Amino acid sequence: MVCVALPGLAISTEQGQLTGRGWEGFYRAGRRVLSRCQVRVAGREPLAVQARMTSADSARFVGTLRVSPQTGPDPDIVVERTRRADGTERITLHSAGVRPLRVPVEVALGTDLADLGAIACGNTGPELPATVHDFGLRWSSVGGGAAVTADPPPADALASAGLLRWEFELPPGGSATIELRVRPDGAGPLRAAGRAATSPLASARAVGDDPRAEALLRTSIEDLQALLLRNPAHPADTHLAAGVPWRCGLAPAEALAAARMTLPLGTRLAVGTLRTLARSQLRGPGPQSGMIPGPIRDAGTHLPPGCTGTEATLLFPALLAEARRWGLTEPEVEELLPAAERCLTWLRTTATDGLYLRDPLPGGPVRCETQAHAHRAALLGADLLDACDRPGSAELRQWAGALRTRFRRDFWIDDVGGGRPAAARAPDGRLVPHLGAAAVHLLDTGLLGGGEHAPGLLDKVQTEQLARLLGGPAMDSGWGLRGLGAKEAGHNPFGHRSGAVRVHETALAVAGLAAADYEKEASALLRGALAAAEAFGHRLPEMYAGKQRTDGSAPLPHPAACRPAATAAAAGVLLLTTLAGIRPDAPGGTVTLRPMRSAPLGEIVLTGLRVAGAPFAIRVSRLGLAMVEEAADGLQLRA
């Protein structure tokens with residue numbers, strides 16, 4: 001159970017006690033400031049009876065025990081603990097007895113002040129010795145220190161044992177509360193970016209026939225708020241951390257992808273992310289000039305690791321172009337346009353060898369999804385350059401048209417099943433034939449003006465065949481889209497990119513299939529993802545096992561998955577807004593609606609969205625008909 005309000009975390013088991021084992025504890029900025037917090041009442045640990053997340057940043061644990069010998073089997077003390085990511089824990093004792101009770105309470109505390117990376121590798125040291133400090137305890141190491149203070153102050157504090165002690169007199173029905181606060185040395189109260197009054201994300205809501213939609217949207221937005229980070233040097237700009245607990249920093253490609261999926265919640269996250277990454281863009285001479293740096297990422301069984309910097313560089317102009325359609329202001333577009341132009345210049349100068357954009361690593365393949373990202377960036381970038389009266393759009397469109405022609409011939413593998421797109425072309429020209437979820441990027445073509453989607457790399461017949469493959473049992477696990485088809489060599493249902501379900505790719509598949517009018521396949525994947533979300537308490541992990549769904553089964557968690565994760569939480573937003581098919585053109589003053597006519601979740605009403613800088617609400621009926629219920633003044637519905 002992970003409470004998140006970055007840079008703060010609190011990680012617990014369902015027992016509620018923090019024992020110091022594994023990765024339990026309170027964290028601040030990647031360091032564990034408290035690893036052990038064990039409560040004993042009258043010398044005994046409460047029996048855990050309930051544990052649940054109350055929000056993205058807090059959890060509630062309830063335990064009971066019997067302190068009076070005359071009460072029989074019924075407990076007479078209820079212990080309620082509320083744990084928050086900001087480093088506070090409230091422990092409340094409620095008396096259910098019929099007589100006054102004298103209740104001794106002790107809390108055992110300890111920490112190793114270990115970095116999260118060391119904990120992940122199992123390289124933590126022993127607990128540090130404590131000293132009594134300001135109504136609590138303090139620990140210190142070479143890298144800094146941390147302290148716990150208690151309110152009310154303890155009656156006794158034993159540094160050698162790491163114990164704080166109280167004694168309470170509880171009347172029948174009475175209660176007593178202890179509040180613990182843990183902070184690193186020199187740190188004030190946690191001010192999480194997602195808790196600010198000026199949050200970049202709208203508080204949208206979903207109501208309708210399927211109650212899971214409301215829970216998924218609410219939890220997704222809460223998780224996105226919890227993952228927000230703010231650069232102290234540029235406090236107006238927020239972006240998303242990749243995920244908790246292992247990736248609490250910025251991952252450029254995933255931050256851009258998540259910001260793009262959350263455009264229905266407003267453009268402020270997009271602009272903050274774009275500004276942050278524009279500052280990291282490489283300048284000066286050389287083949288990497290204009291790139292946005294990013295780490296290497298595993299690509300599964302059949303391909304070498306790929307460069308996420310390439311993906312981020314291609315996502316940057318696409319996000320800026322689409323954010324403009326959703327309502328990003330012209331001054332903000334003008335501010336970010338030079339960085340987008342540098343991305344497009346890098347694309348034009350790099351994709352000169354045989355049209356294709358190759359991996360930047362020596363001997364790397366020509367990946368299918370990289371061509372899809374590049375094609376989208378070229379078309380949306382050309383649209384953006386035209387809108388801003390900048391040169392270069394004709395060259396981009398000409399290159400994209402030539403790429404489409406070559407790709408449809410060079411990347412399509414004909415077989416008895418109707419064919420499939422190749423995953424990549426090896427340096428020697430050999431096709432890598434394995435079908436995986438990366439192919440969904442071929443359906444994610446991007447939004448142009450007038451509610452139109454950009455053309456894709458596949459022709460109509462190839463698109464239909466890909467839709468059939470994605471909706472087939474080899475790819476659709478019943479819980480979402482597998483990273484690699486179940487019949488492919490090297491398939492592993494737990495493989496990061498070789499069989500596990502990644503929610504981001506499932507959501508892109510649902511949106512792309514729905515936009516291309518393959519609603520049967522889109523609906524099946526949507527229902528599967530929604531069922532998985534329910535099994536995970538509506539907090540979707542970044543991935544989970546691609547085991548086939550059967551009657552009575554549940555999706556298997558992946559032990560290395562981040563949860564919450566930026567792309568998974570943003571995917572929850574995309575899955576639900578796809579039902580309404582909102583295609584805005586704020587500069588043109590119009591919005592086009594292409595709802596899923598099959599209405600796979602019945603009637604749904606989405607309120608609190610943002611289009612053209614104003615609240616936007618839409619209702620989709622059980623017949624698949626959409627009606628706008630709130631919109632910006634002057635925004636016209638386009639047929």
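This report walks through two sheets, one helix pair and the cavities of a predicted model.

Residues are numbered from 1 along each chain as its sequence is written, and side-chain values use heavy atoms, with hydrogens and water left out. Because the model is predicted, local features need pLDDT of at least 70 and side-chain atom pairs count only at pLDDT 80 or more, while totals for chains, interfaces and linings use all residues.

**Sheets**

Helices (H or I, at least four residues) and strands (E, at least two) are DSSP runs, numbered from the N terminus. Two strands pair if DSSP finds at least two bridges between them. One open sheet has 5 strands in the order β3-β6-β11-β16-β15, with antiparallel pairing. Its edges are β3 (18-19) and β15 (156-158); each has a single partner strand, so one side of each lacks a neighbour in the sheet. A further open sheet is formed by 3 strands in the order β23-β26-β27, again with antiparallel pairing. Here β23 (366-367) and β27 (431-432) stand at the edges, each with a single partner, so one side of each has no neighbour in the sheet.

Two of the strand pairs can be set side by side:

| Strand pair | Bridges | Facing residues |
|---|---|---|
| β11 (101-110) and β16 (163-170), antiparallel | 8 bridges | Val105 and Trp166 |
| β23 (366-367) and β26 (424-425), antiparallel | 2 bridges | Val366 and Arg425 |

**A helix pair**

The axes of α2 (residues 211-226) and α12 (residues 566-578) come within 9 Å and cross at roughly 145°. These axes are lines fitted to C-alpha atoms over the stretch in contact, and angles run from 0 to 180 degrees between N-to-C directions. Contact means heavy atoms within 4.5 Å. On the α2 side the contact includes Leu216, Leu217 and Leu224, and on the α12 side Ala569, Val573 and Leu576 are among the residues met. The contact residues divide into 9 nonpolar, 2 polar and 1 charged, where Ala, Val, Leu, Ile, Met, Phe, Trp, Tyr, Cys and Pro count as nonpolar, Asp, Glu, Lys and Arg as charged, and the others, Gly among them, as polar.

**Cavities**

On a 1 Å grid over the protein atoms alone, a cavity is a set of points where a 1.4 Å probe fits but cannot get out, and lining residues have an atom within 4 Å of a point. Grid points are joined across faces, edges and corners, and a volume is the space filled by probe spheres set on the points. The count comes to 4 cavities of 30 Å³ or more. The largest cavity holds about 730 Å³ of space. It is lined by 44 residues, of which Ala299, Glu369, Ala438, Arg497 and Glu505 are the closest to its centre. The lining divides into 17 nonpolar, 15 polar and 12 charged residues.

Technical notes:
1 Å grid on protein atoms, 1.4 Å probe; cavity = no way out; pocket = protein on both sides within 12 Å on 5 of 7 lines; lining within 4 Å.
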